[in-house]
Amino acid sequence: MEQTFNEQETLRREALGKLRELGIEPYPAPLYPVNATASGIKAEFDPEKGNLTDLCIAGRLMSRRIMGAASFAELQDETGRIQIYVNRDEICPGEDKTLYNTVFKKLLDIGDIIGVKGFAFITKTGQLSVHVKELTLLSKSLRVLPIVKEQDGKVFDAFSDPELRYRQRYVDLIVNPQVKETFVKRAKIIATMREYFNAAGCLEVETPILQSIPGGAAARPFITHHNALDIDLYMRIANELYLKRLIVGGFSGVYEFAKDFRNEGMDKTHNPEFTCMEIYVAYKDYIWMMEFVEKMLAKIALEVNGTTKVKIGEHEVDFGGTFRRLPILEAIKEYAGVDVSGMDEDELRKTCKELHVEVDESFGKGKLIDAIFGEYAEDKLIQPTFITDYPVEMSPLTKRHRSNPALTERFELFVCGKELANAYSELNDPIDQFERFQEQARLKSKGDDEAMFIDMDFVRALEYGMPPTSGLGMGIDRLTMFMTGQTTIQDVLFFPQMRPKPVD
């Protein structure tokens with residue numbers, strides 16, 4: 001494949017050659033003794049003490065003002081930007097001024113990564129800067145950065161096109177520093193959850209991504225082929241059944257941050273590859289899990305934002321306190337104005353038609369109820385709300401409700417009209433579980449390609465005995481969206497899935 005370059009890219013490649021002619025390696029050995037950061041210098045410098053006299057900082061050259069024998073430039077590292085002052089006679093103390101006159105002034109470009117050694121000082125205009133005593137080129141940039149400029153309240157050359165930002169996240173992170181904060185918060189969310197689960201006595205584990213049977217959720221899987229075994233395997237759609245096998249094996253609490261894969265649609269809240277956290281705790285039920293989730297989300301909000309109140313779109317959502325608990329059939333009655341409890345499949349299908357709810361012929365009773373709920377209730381659930389007590393047809397892995405066997409002990413947590421978590425009192429009756437799997441097989445035969453497979457090894461595991469257990473699954477991408485105020489899942493994924501496009 002042959003590359004073509006525009007005028008600026010050609011000039012940069014010519015500069016690269018000239019640097020090498022001067023004996024300067026544009027990509028030197030990686031060891032550079034960095035001992036300071038932009039934010040650290042700003043936090044620690046005391047002009048009265050005259051400290052920070054032996055600094056070594058590295059970063060990307062983001063601006064430059066050439067002024068004869070002395071110049072100012074701006075250096076950007078992971079923590080922010082800081083001004084540097086470059087004097088010709090300081091970095092070129094001898095007769096040879098090539099490093100300043102030729103290299104710094106002519107052969108360096110915006111975007112190049114450099115290292116400088118020197119000391120901190122305050123300029124005559126009151127600007128904290130690093131007085132450069134030594135300058136080293138660490139990496140030559142061959143592409144031109146989009147430099148964002150502001151003038152009279154207007155922004156020029158902003159790198160704001162969503163498709164470009166997602167395809168070239170590396171550029172997005174360089175020129176839009178606020179983007180980095182979203183991913184710092186994402187890491188803090190996960191770290192807070194780990195701390196919370198570990199404190200509760202749970203063990204972090206890992207389970208298979210390639211599975212012979214895609215279980216634990218109703219979703220369409222990705223299929224691949226294992227050459228050595230000569231069998232088809234599935235990318236996991238959930239890690240639930242493996243984690244419950246570990247509860248059978250004797251662990252009292254296990255959790256996993258898992259990459260899951262679902263071969264389904266893509267939109268602002270769905271990506272085919274996503275991160276899900278699942279946790280299972282023995283001798284607990286879904287009521288206990290609600291309280292566990294409430295305390296966890298309040299802790300996360302405080303750690304990430306300093307308050308339990310978070311701005312999500314036009315809504316202020318409060319993750320503090322006790323969330324509303326609303327049975328799903330009551331929610332349908334409240335928002336759709338119809339009582340669907342006790343209806344059979346034909347009656348539900350007729351009700352859907354009367355309510356103008358679009359359904360498929362393959363839909364069973366559970367999906368018909370879910371369709372009505374999704375159409376009439378979901379978008380009304382702005383503040384955190386536990387939707388509880390789902391009909392048994394909707395929950396093939398869930399324990400029947402202790403006071404009504406037609407229902408299950410399940411909740412889904414909704415925030416701003418979107419599902420954030422799904423939790424059960426786990427079904428541990430192997431006979432009931434096998435019958436539920438058989439019903440899923442019936443739905444699959446009718447054309448429901450999201451219906452679950454029968455996992456006989458999981459049934460066998462239950463036959464050895466699983467203690468009463470509560471389980472929870474929570475989407476980390478969506479949780480990050482809520483905690484950072486983002487409106488699209490692509491903004492909380494470093495590299496969201498996109499249709500391939502040739503590199504220009």
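## Strands, cores and odd phi values

Strand S19 (residues 418–425) has six of its eight residues buried, so the rest of the structure largely encloses this strand. Keep in mind that this is a predicted model. Here are some exercises to work through.

**Exercise 1.** Find the strands that pair with S19, and say in which sense S18 and S20 run relative to S19.

*Solution.* Start with strand S18 (residues 410–415): six bridges tie S18 to S19, and the sense is antiparallel. Next, look at strand S20 (residues 469–475), which is also antiparallel to S19 and joined to S19 by five bridges.

**Exercise 2.** Which residues stand opposite leucine 413 and serine 425?

*Solution.* For leucine 413, go across to S19, where you land on alanine 421. For serine 425, go to S20 instead; the bridge partner there is serine 470.

**Exercise 3.** How many residues sit between the strands in the hairpin of S18 and S19, and what is the phi of cysteine 416?

*Solution.* Two residues separate the strands of this hairpin. Cysteine 416 has a positive phi, near 50°. As background, most residues other than glycine have a negative phi.

**Exercise 4.** Leucine 52 and aspartate 230 each have phi near 55°. Locate both, then decide for each: buried or exposed?

*Solution.* Take leucine 52 to begin with. Its loop runs between helix H2 (38–44) and strand S1 (55–67). The relative accessible area of leucine 52 is 17%, and the cut-off for buried is under 20%, so leucine 52 counts as buried. Now aspartate 230, in the loop between strands S10 (223–226) and S11 (231–235). Here the relative accessible area is 57%, and exposed means over 50%, so aspartate 230 is exposed. Both phi values are positive in residues other than glycine.

**Exercise 5.** In the largest nonpolar core, which residues touch the most other members, and which helix gives the most to this core?

*Solution.* This core has 41 residues, and the ones touching the most other members are Met193, Phe197, Met277, Ile279, Leu297, Phe319 and Met474. Helix H9 (residues 286–305) gives the most to this core, with 10 residues. Apart from this core lies another, of 30 residues, including Leu55, Ile84, Val86 and Ile114.

**Exercise 6.** List what methionine 277 touches, leaving out residues up to four places away in sequence.

*Solution.* With those sequence neighbours set aside, methionine 277 touches Met193, Phe197, Tyr255, Glu256, Phe257, Leu472, Gly473, Met474 and Ile476. Now check that list against the core: Met193, Phe197 and Met474 are also among the residues that touch the most other core members.

Note on methods
Residues are numbered from 1 along each chain as its sequence is written. This is a predicted model: local features need pLDDT of at least 70, side-chain atom pairs count only at pLDDT 80 or more; totals for chains, interfaces and linings use all residues. Side-chain values use heavy atoms; hydrogens and water are left out. A nonpolar core is a set of buried Ala, Val, Leu, Ile, Met, Phe, Trp, Tyr and Cys residues joined through side-chain atoms within 4.5 Å. Buried means under 20% relative accessible area, exposed over 50%, partly exposed in between (1.4 Å probe, protein chains only). Helices (H or I, at least four residues) and strands (E, at least two) are DSSP runs, numbered from the N terminus. Contact means heavy atoms within 4.5 Å. Two strands pair if DSSP finds at least two bridges between them.
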